[in-house]
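Visitor: I have a protein model open and I'd like to learn how to read it. Could you walk me through some features?

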Amino acid sequence: MKAVVYEAFNAAPRLMTVDDPTPEAHGVVVQVLGTGVCRSDWHGWKGHDPDIQLPHIPGHELAGVIAAVGRHVTRWKVGDRVTVPFVGGCGACPECNSGNQQVCYSQFQPGFTHWGSFAEYVGIHQADLNLVALPESMDFATAASLGCRFVTSFRAVVDQGKVSAGQWVAVHGCGGVGLSAVMIAHAIGANVIAIDIADHKLALARSLGAVATVNARQVANVTEAVQDISGGGVHVSLDALGHPTTCFNSINNLRRRGKHVQVGLMLADHSTPAIPMSKVIAHELEIYGSHGMQAHRYGAMLDMINSGKLAPEKLVGKTISLEQSIDALVNMDRFETAGVTVVTQF
């Protein structure tokens with residue numbers, strides 16, 4: 001099969017021909033018909049993930065059809081249209097048994113723990129537990145865009161943040177995760193403030209439901225700007241980028257007893273950011289992490305999509321070829337594109 005492979009961290013990946021995967025007894029092989037290009041893949045390519053063994057194929061936001069089925073799989077067959085969370089559970093540990101596969105002790109992640117979806121085919125483990133059936137009405141580009149950023153934002157806003165109608169919500173960073181969070185919080189009925197450094201991304205956030213925007217390059221103090229707009233601070237704030245500055249601002253712009261949700265990855269030099277702990281204590285703030293979403297929670301999200309309350313297709317910025325994904329991947333730190341870039345040509 002054709003695949004994008006890198007043989008050293010920070011070295012340019014290449015389009016290569018490699019062996020097709022075969023399904024594990026508990027797994028399947030999916031023919032990839034859409035895969036998102038995500039900043040998490042960039043972190044992997046930079047060498048920030050200790051699970052990656054070289055040579056490596058990135059890619060974890062995927063959708064397609066099942067091409068082969070392992071002998072122990074009972075719920076799926078060849079030809080089924082599927083997607084999968086970027087974090088899959090083992091099905092045997094205490095967290096999986098409690099329904100929290102997103103923090104499984106022995107989790108697998110395509111594109112990290114094993115070869116990913118920047119390829120014509122990808123192997124998926126524990127298929128009966130982790131696969132999600134796609135509605136016939138959903139195209140593969142949209143389905144792929146759900147895989148990491150949209151589902152992570154859904155869990156961050158709905159399950160971790162517990163956002164409710166009428167609350168003020170701040171979203172720091174308007175990439176794929178942030179824009180997804182804006183759309184989801186707006187659909188719930190929250191008043192969303194979007195913060196970024198690019199006017200075209202803030203304009204897209206407004207089109208998705210943000211009631212106000214803040215350009216962090218154009219204000220003297222982001223925290224004060226958000227507090228002024230929200231009348232004293234927001235109820236829930238999300239760092240959707242994963243940077244010491246956005247993490248600090250997200251905590252600092254909360255009202256008393258507010259809730260911060262860390263969604264953007266904090267890796268390498270950013271792994272131990274400074275936070276205003278005195279304010280966390282004095283104002284009884286809550287700090288949560290959010291790491292993917294379990295397959296069994298997709299139904300609630302898909303119901304909102306089917307009803308028209310959520311429209312993830314609006315977040316698909318452009319579609320590209322597998323070969324073009326190389327340039328898209330290595331240049332992700334430039335933050336030039338708006339929305340989600342999806343590979344659809346293999």
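**Reading the model, feature by feature**

Guide: Let's start with helix 1, whose buried residues pack against strand 3 (28-37), helix 4 (140-160) and helix 11 (325-330). Keep in mind that this is a predicted model.

Visitor: How many residues of helix 1 are buried?

Guide: Seven of the eight residues in helix 1 (residues 39-46) are buried, so this helix is largely enclosed by the rest of the structure. The buried ones are R39, S40, D41, W42, H43, G44 and W45. Right after helix 1 comes G47, with a positive phi near 95°.

Visitor: You mentioned helix 11. Which residue there could I look at?

Guide: Try V330, which lies in helix 11. Leaving aside neighbours within four places in sequence, V330 is in contact with P13, W42 and W45. W42 and W45 are among the buried residues of helix 1. V330 and W42 are 288 residues apart in sequence, yet their C-alpha atoms are 6.5 Å apart in space.

Visitor: Is V330 buried or exposed?

Guide: V330 counts as partly exposed, at 21% relative accessibility. The cut-off for buried is under 20%, so V330 at 21% falls in the partly exposed class.

Visitor: Let me step back to the whole chain. How many helices and strands are there?

Guide: The protein has eleven helices and 15 strands. Its radius of gyration is 19 Å, close to the 20 Å that the globule rule gives for 346 residues, so the protein is as compact as a globular protein of that length. Along the principal axes, the C-alpha trace spans about 55 × 40 × 35 Å.

Visitor: And what do the burial and contact totals look like?

Guide: Buried residues make up 56% of the 346 residues. Of the contacts with a separation of 6 or more, 71% are between residues 24 or more positions apart. The accessible surface comes to about 13900 Å², and carbon and sulfur atoms account for 50% of that. As for charge, there are 24 positive and 29 negative charges, and their mean positions are 6 Å apart.

Visitor: Can you show me a residue with contacts to distant parts of the sequence?

Guide: Take I320, in strand 14 (residues 316-321). Leaving out neighbours within four places in sequence, I320 is in contact with V37, S325, A328, T341, V342, V343, T344 and Q345. The C-alpha atoms of I320 and G34 are separated by 9.8 Å, although the two residues are 286 residues apart along the chain. I320 is buried, with a relative accessible area of 7%.

Visitor: What about a polar residue such as T223: buried or exposed?

Guide: T223 is buried, with a relative accessible area of 5%. You'll find T223 in helix 7 (residues 222-230). Not counting residues up to four places away in sequence, T223 touches N249, N252 and N253.

Visitor: As a bench person, I always ask about cysteines. How many disulfides are there?

Guide: Here's the general idea: a disulfide is a covalent bond between the sulfur atoms of two cysteines. In this model the count comes to zero.

Visitor: Why is C104 not bonded to C90?

Guide: The cut-off is a pair of cysteine sulfur atoms within 2.5 Å. The sulfur of C104 is 3.6 Å from the closest cysteine sulfur, the one in C90, and that is too far for a bond. C247 is in no disulfide either; its nearest cysteine sulfur, in C174, is 17 Å away. Both cysteines are buried: C104 has a relative accessible area of 3%, and C247 has 5%.

Visitor: Last topic, the backbone. Where should I look for a cis peptide bond?

Guide: Look between L54 and P55, which are joined by a cis peptide bond with omega at about -5°. P55 sits in the loop between helix 1 and strand 4 (61-69).

Visitor: And which residues have a positive phi without being glycine?

Guide: Two to check are Q126, with a phi of about 45°, and R257, with a phi near 60°. Q126 is in the loop between strand 6 (121-124) and helix 3 (127-130), whereas R257 is in strand 12 (residues 254-262). Q126 counts as partly exposed at 25% relative accessibility, while R257 is exposed at 57%.

How values were computed:
Residues numbered from 1 in each chain as written. Predicted model: local features only at pLDDT ≥ 70, side-chain atom pairs only at ≥ 80, totals over all residues. Heavy atoms only, no water. Buried < 20%, exposed > 50% of the residue type's maximum accessible area, 1.4 Å probe, protein only. Helix = DSSP H or I, 4+ residues; strand = E, 2+ residues; numbered from the N terminus. Rg over C-alpha atoms; globule rule 2.2 N^0.38 Å. Contact = heavy atoms within 4.5 Å. Areas by Shrake-Rupley, 256 points an atom, 1.4 Å probe, with all protein chains shown as cover. Lys, Arg positive; Asp, Glu negative; His and termini not counted. Charge placed at Lys NZ, Arg CZ, Asp CG, Glu CD.
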